[in-house]
Amino acid sequence: MQKSECQRGVQLRNRVTDNCDQRSSSAQIKQRTTVPQSKSSSSTSSPEPARKLHPRPSDKLNPKTINPFGEQSRAPSAFAAIYSKGGIPCRLVHGSVKHRLQWECPPENLPFDPLLITLAEGLRETKHPYTFVSKEGFRELLLVAGAPEKAVPLLPRLIPVLKAALVHLDDEVFERGLNALVQLSVVVGPSLNDHLKHLLTSVLCKAWERGAQQKQLSKRLRDKKFREPISSALQKLEQHGGSGSLMIIKSKIPTYCSICC
């Protein structure tokens, strides 16, 4: 009996030690399996904050740039959009000395409506090649045969566009508008007199803004930069507009010296 009880005690102790060994081994297995998971999770989550706190040297060498085709870029102007879509039937040709326009067909075969108005709107552009295309295209279109008959009916729509160029804050835009006004007067002649009063107001406003801010109307043309081109433009307006244009000019600028003097 004592031997059997001793054997049973030994068996119980063996079972207890086996269970403890199994539990310890299973715990070790769980630890081994869980540790790599924590490493993998930390490795996957750590790079982003690390990049934010410690930027790479390449980030300084390659900064983020604005995508010109993205939504954040400024929308093109009306003239630029029409030109990019082929709505202006001419293209800029870069020459070794100066640039020129190449027309898809002879300009005399092109309708002035709305091409002449679109080119006049392009005079307010400030970027190349739109500045050259609008300025040169407007000039060449007015040189074609039959230009007076085509341009006179468009004067009510052309005048507001030219006026917008004459009151523009950019000096080069103002000069392009002034030259376009003179070119138009050569073609349409006295037909421009009905609109001349409004145009002269715009010209004088520009001279007043750039001048000495003096109250006398006759002193608004004393800006050195604009005095010569404005005076030359007024003389050409009188030359092509006749006596009617002289009366309008004198009513706005009493000190104006006529070309007939």
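pLDDT is the predictor's confidence in each residue, from 0 to 100. The exercises below use a predicted model.

**Exercise 1. Confidence**

Task: State the average pLDDT of the protein, and find what contacts the model has for residues 63-73.

Solution.
Step 1. The average pLDDT is 76, and 63% of the residues score at least 70.
Step 2. Over residues 63-73 the pLDDT stays under 50. For this stretch the model has four contacts beyond four places in sequence.
Step 3. Residues 208-220 also have a pLDDT below 50. Beyond near neighbours in sequence, the model gives residues 208-220 19 contacts.

**Exercise 2. Overall make-up**

Task: Count the helices and strands, and give the pattern along the sequence.

Solution.
Step 1. The protein has 12 helices and two strands.
Step 2. Along the sequence the pattern reads α-α-α-α-β-β-α-α-α-α-α-α-α-α.
Step 3. Of the 261 residues in the protein, 32% are buried.
Step 4. The protein exposes about 17200 Å², of which carbon and sulfur atoms supply 55%.
Step 5. Take the contacts between residues at least 6 apart in sequence: 64% of them join residues at least 24 apart.

**Exercise 3. Cis peptide bonds**

Task: For the peptide bonds from Asp 113 to Pro 114 and from His 128 to Pro 129, decide whether each is cis or trans, and place each proline in the secondary structure.

Solution.
Step 1. From Asp 113 to Pro 114, omega is near 10 degrees and the bond is cis.
Step 2. Pro 114 belongs to helix H5, residues 112-121.
Step 3. Between His 128 and Pro 129, omega is about 10 degrees, and this peptide bond is cis.
Step 4. Pro 129 is found in the loop between H5 and helix H6 (130-141).

**Exercise 4. Aromatic pairs**

Task: Classify the pairs that Tyr 130 forms with Phe 79 and with Tyr 83 as stacked, tilted or edge-to-face.

Solution.
Step 1. A pair of rings is described by the distance of the centres and the angle of the planes. Centres must lie within 6.5 Å, and planes over 60 degrees apart count as edge-to-face.
Step 2. The count of aromatic pairs comes to three. In one of them, Phe 79 and Tyr 130 lie 6.3 Å apart centre to centre with 85 degrees between the planes, an edge-to-face pair.
Step 3. This pair links distant parts of the chain: Phe 79 is in helix H4 (residues 78-84) and Tyr 130 in helix H6, 51 residues apart.
Step 4. Phe 79 has a relative accessible area of 3% and is buried.
Step 5. The ring centres of Tyr 83 and Tyr 130 are 5.8 Å apart and the planes stand at 85 degrees, so this pair is edge-to-face.
Step 6. Tyr 83 in helix H4 and Tyr 130 in helix H6 are 47 residues apart, and their pair also links distant parts of the chain.
Step 7. Tyr 83 is buried, at a relative accessible area of 11%. Arg 91 lies over the face of Tyr 83, 4.5 Å from the ring centre.
Step 8. Ring pairs join Phe 79, Tyr 83 and Tyr 130 into a cluster.

**Exercise 5. The nonpolar core and helix H9**

Task: Identify the residues with the most contacts inside the largest nonpolar core, then classify Asp 171, Ser 185 and Val 188 by burial.

Solution.
Step 1. The largest nonpolar core has 52 residues, and Phe 112, Leu 116 and Leu 192 have the most contacts inside it.
Step 2. Helix H9 (residues 171-188) gives the largest share of this core, eight residues.
Step 3. Not counting residues up to four places away in sequence, Leu 192 touches Leu 155, Ile 159, Leu 181, Leu 184, Ser 185, Leu 199 and Leu 237.
Step 4. For burial, the cut-off is under 20% relative accessible area. Ser 185, in helix H9, has 2% and is therefore buried.
Step 5. With the same exclusion of sequence neighbours, the contacts of Ser 185 are Leu 192, Lys 236, Leu 237 and His 240.
Step 6. Val 188 also lies in helix H9 and is buried at 7%. Beyond four places in sequence, Val 188 touches Ala 151, Val 152 and Leu 155.
Step 7. Val 188 and Glu 149 are 39 residues apart in sequence and 8.3 Å apart in space, C-alpha to C-alpha.
Step 8. Asp 171, in helix H9, has a relative accessible area of 22% and is partly exposed. From Asp 171 to Lys 225 the C-alpha distance is 9.8 Å, with their places 54 residues apart in sequence.

Key: Residues are numbered from 1 along each chain as its sequence is written. This is a predicted model: local features need pLDDT of at least 70, side-chain atom pairs count only at pLDDT 80 or more; totals for chains, interfaces and linings use all residues. Side-chain values use heavy atoms; hydrogens and water are left out. Helices (H or I, at least four residues) and strands (E, at least two) are DSSP runs, numbered from the N terminus. Rings of Phe, Tyr and Trp (its six-membered ring) pair if their centres lie within 6.5 Å; planes under 30 degrees apart count as stacked, over 60 as edge-to-face and the rest as tilted. Buried means under 20% relative accessible area, exposed over 50%, partly exposed in between (1.4 Å probe, protein chains only). A charge sits over a ring if NZ of Lys or CZ of Arg is within 6 Å of the ring centre and within 35 degrees of the ring normal. Contact means heavy atoms within 4.5 Å. A nonpolar core is a set of buried Ala, Val, Leu, Ile, Met, Phe, Trp, Tyr and Cys residues joined through side-chain atoms within 4.5 Å. Accessible areas come from the Shrake-Rupley method with a 1.4 Å probe; for residues, only the protein chains shown count as cover.
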